[in-house]
Amino acid sequence: MTAVTPAPPSAATGPEATRPAPPARTGGRSRLRTAAGFAFGAALLFAVAPLLLSDFRLALLAKYLCVAMVAVGIGIAWGRGGMLTLGQGVFFGLGGYAMAMHLKLADAGPGGMPDFMQLYGQLDELPLWWRPFASPWFALPATVLLPMAVAFGLGSLVFRRRVRGAYFAILSQALAAAMVILLIGQQGTTGGTNGLTDIKGFFGYNLDDPVNQRMVYFIIAGTLLALLALARQLIQSRYGELLVAVRDGEERVRFLGYDPASVKLVAYVVAAGMAGLAGALFVPAVGIISPALIGIVPSIEFVIGVAVGGRATLLGPVLGAVAVAWARTALSERFPGTWTYLQGLLFVVVVAFLPGGLASLWALARRREEGGGVAARRRGWLPTGRRRAERAEVPAA
């Protein structure tokens, strides 16, 4: 009598046998989509925009892209880490002033003083803390490292004491207000309310030349793509998953043996470095840096752009920041007296009806399409072959 060997689980019969095996999850398709997305963005920024936009509009786009760099960092700190950073103007200003100080000294020439110091007549010689910024080898790293150092010092004090939520947001906003008061009070060394203006050169290139202005735009566009690639790598890494876990359950992460303060500190410092780099590139693009560009209101506008675009996605903060900045320019040109109300209405509408930001439109469209397919199956509207395939994928009750 021959023994009957039971079939292995993979040889099951019935509806389970006709169900197709789930596709293997590999990163090849994801990497292909990412490469295609970056290629499309590069073509849009480096070919389409310079071809279609005038020099004035291209300079405005360069300004918007600098704001988008700040939004990338906020997307990491707020969207992934849950830290509502209302003081990114501080780090934006630190990077901007570091770059502007170097460019003003370069315009003044060896041994010279910036023009505003001579105008105010309060100083006879260059202050000691200005002198290192005459060297590009000091000024360029300072545009990124100085904001990161300040963020590291502040974050170490705040996160170790488990300050979070609204308290962290208010504290970061108070830091922006304190920096503005400090800059305005030091008129002889920082330019006061006017800031550092009339910047004419950028490492030997005349910024009044449209060709050089386009060069600055290309540098800004390339830097934005590089920051997006860095942000994606950070989000897709194990650290990115840990950052989301800290956002959703900080006490559970601490129970598992991780230090949530260190995890949040890394995201906060990275966001500060991105903001500082954006401020440094903002200076040659616009030719000015002042306290009005780094205070409480600009810091809130950074967050508004991220919220409108969608803070939980990679491209959402970039698209939202550019859209809000463009809307502000367009509305101010057409409605000079009421554009602030229209901008506020735009923010309220997006937050009320699209909590996930503009980036959630694609997900909503896909969900509606899937819902339409389910309704069609219930009514028997699908073709016969497709209905058979759908029935084959659904196991019998």
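**Loops, helix packing and enclosed space in a predicted model**

Phenylalanine 203 sits in the loop that joins strand S1 (201-202) to strand S2 (205-206); strands (E, at least two residues) and helices (H or I, at least four) are DSSP runs, numbered from the N terminus. The model is a predicted one, in which local features need pLDDT of at least 70 and side-chain atom pairs count only at pLDDT 80 or more, while totals for chains, interfaces and linings use all residues. Residues are numbered from 1 along each chain as its sequence is written, and side-chain values use heavy atoms, with hydrogens and water left out.

Although phenylalanine 203 is not a glycine, its phi is positive, at about 55°. As a general point, most residues other than glycine have a negative phi. With 36% relative accessibility, phenylalanine 203 counts as partly exposed, a class that lies between buried (under 20% relative accessible area) and exposed (over 50%), using a 1.4 Å probe and protein chains only. Arginine 162 also has a positive phi, near 60°. Its setting is the loop between helix H6 (136-160) and helix H7 (166-185), and its relative accessible area of 47% makes arginine 162 partly exposed.

Turning to the fold as a whole, the protein has 17 helices and two strands. Of its 397 residues, 41% are buried. Among contacts (heavy atoms within 4.5 Å) with a separation of 6 or more, 77% are between residues 24 or more positions apart.

One such long-range neighbourhood surrounds leucine 227, a residue of helix H9. Leucine 227 is buried, its relative accessible area being 8%. Its C-alpha lies 7.2 Å from that of methionine 69, although 158 residues separate the two in sequence. Leaving out residues up to four places away in sequence, leucine 227 touches Met69, Val72, Met274 and Leu277.

Helix packing can be followed at H3 and helix H10 (residues 238-248), whose axes come within 9 Å and cross at roughly 45°. Here axes are lines fitted to C-alpha atoms, for helices over the stretch in contact, and angles run from 0 to 180 degrees between N-to-C directions. H3 and H10 are therefore oblique to each other, since angles under 35 degrees count as roughly parallel, over 145 as roughly antiparallel, 65 to 115 as roughly perpendicular and the rest as oblique. H3 contributes Ile76, Gly79 and Arg80 to the contact, and H10 contributes Leu243, Val244 and Arg247. By class, these are three nonpolar, one polar and two charged residues; Ala, Val, Leu, Ile, Met, Phe, Trp, Tyr, Cys and Pro count as nonpolar, Asp, Glu, Lys and Arg as charged, and the others, Gly among them, as polar.

Helix H3 also holds glycine 75, which counts as buried at 7% relative accessibility. The C-alpha atoms of glycine 75 and leucine 314 are 7.3 Å apart, with their positions 239 residues apart along the chain. Beyond its neighbours within four places in sequence, glycine 75 is in contact with Arg80, Val306, Arg311 and Pro317.

Enclosed space comes next. On a 1 Å grid over the protein atoms alone, a cavity is a set of points where a 1.4 Å probe fits but cannot get out, whereas a pocket is an open set with protein on both sides within 12 Å along at least five of seven lines; lining residues have an atom within 4 Å of a point. Grid points are joined across faces, edges and corners, and a volume is the space filled by probe spheres set on the points. A search of the whole structure finds one cavity of 30 Å³ or more, and the largest cavity holds about 50 Å³ of space. Its lining consists of Val72, Gly75, Ile76, Arg80, Ile235, Arg311, Thr313, Leu314 and Pro317. H3 gives the most to this lining, with four residues, and by class the lining has five nonpolar, two polar and two charged residues.

The largest pocket has a volume of about 1400 Å³. Among its 35 lining residues, Gly37, Leu314, Leu315, Gly316 and Leu319 lie nearest its centre. At least two lining residues come from each of helix H2 (28-52), helix H3 (55-80), helix H9 (210-236), helix H14 (316-334) and helix H16 (360-379), and H2 supplies the largest share, 13 residues. The lining of the largest pocket comprises 23 nonpolar, eight polar and four charged residues.
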